[in-house]
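Thanks for making the time this morning. I would like to walk through one small set of side-chain contacts first, and then widen the view to the rest of the chain.

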Amino acid sequence: VAIQKLIDEALNVLARDPQKDNIALRVQCQPELHVSGDPVQLEQVLPGLVEDARRAVQLLRRSEDLDG
């Protein structure tokens, strides 16, 4: 499975959410990188990973705001 294509598709779907939270996404992936796996499962996992990262950034920012 060409992982770059799956990453691009996941980011297109989620592009608005991180931007509204003032989060910039940067992906570093070799364009020719292929992984073994079920493309459908990978399509399901990638958005979850991006959402988890977004939540982690939000929690970190709240923690920093509280610490002053």
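Let me begin with a pair in the last helix: Arg 55 forms a salt bridge with Glu 51, and the closest N and O atoms are 3.2 Å apart. By salt bridge I mean a side-chain nitrogen of Lys or Arg within 4 Å of a carboxyl oxygen of Asp or Glu. Before going further, I should say that this is a predicted model, in which local features need pLDDT of at least 70 and side-chain atom pairs count only at pLDDT 80 or more, while totals for chains, interfaces and linings use all residues. Residues are numbered from 1 along each chain as its sequence is written, and side-chain values use heavy atoms, with hydrogens and water left out.

Why are Arg 55 and Glu 51 separated by about one helical turn? Because they are 4 residues apart in helix H3, where helices are DSSP runs of H or I with at least four residues, and strands are runs of E with at least two, numbered from the N terminus.

The second contact involves Arg 54, whose side chain meets that of Glu 51 in a salt bridge at 2.5 Å, N to O. Arg 54 and Glu 51 are 3 residues apart, again about one turn, and both lie in helix H3. Taken together, Glu 51, Arg 54 and Arg 55 are linked in a network of salt bridges, and the count by this rule comes to 2 salt bridges. As general background, side chains of opposite charge can pair when their charged atoms come close.

How do these residues sit with respect to solvent-accessible area? I use buried for under 20% relative accessible area, exposed for over 50%, and partly exposed for what lies in between, with a 1.4 Å probe and protein chains only. Glu 51 is buried because its relative accessible area is 17%, and Arg 54 is buried as well. Arg 55, by contrast, has 47% relative accessibility and so counts as partly exposed.

Now for the fold as a whole. The protein chain has 3 helices and 0 strands, which reads along the sequence as α-α-α. Of its 68 residues, 21% count as buried.

Which residues make up the largest nonpolar core? There are 8 of them, namely Ile 3, Leu 6, Ile 7, Ala 10, Leu 11, Leu 14, Leu 46 and Val 50; a core here is a set of buried Ala, Val, Leu, Ile, Met, Phe, Trp, Tyr and Cys residues joined through side-chain atoms within 4.5 Å. H1 and H3 are the elements that give two or more residues to this core, and H1 supplies the largest share, with 6 residues.

Some C-alpha separations help to place other parts of the chain. Val 40, in helix H3, is 34 residues from Leu 6 in sequence, yet the two are 9.6 Å apart in space, C-alpha to C-alpha. Val 40 is partly exposed, since its relative accessible area is 46%.

Turning to the loop between helix H2 (16-20) and helix H3 (39-67), this is where Gln 28 is placed. Gln 28 counts as exposed because its relative accessibility is 68%, and its C-alpha atom is separated by 9.4 Å from that of Gln 4, 24 residues away along the chain. Val 27 lies in the loop between H2 and H3 too, and its C-alpha atom is 9.2 Å from that of Asp 8, with their positions 19 residues apart along the chain. Val 27 is partly exposed, given a relative accessible area of 39%.

I will stop there, and I am happy to take questions.
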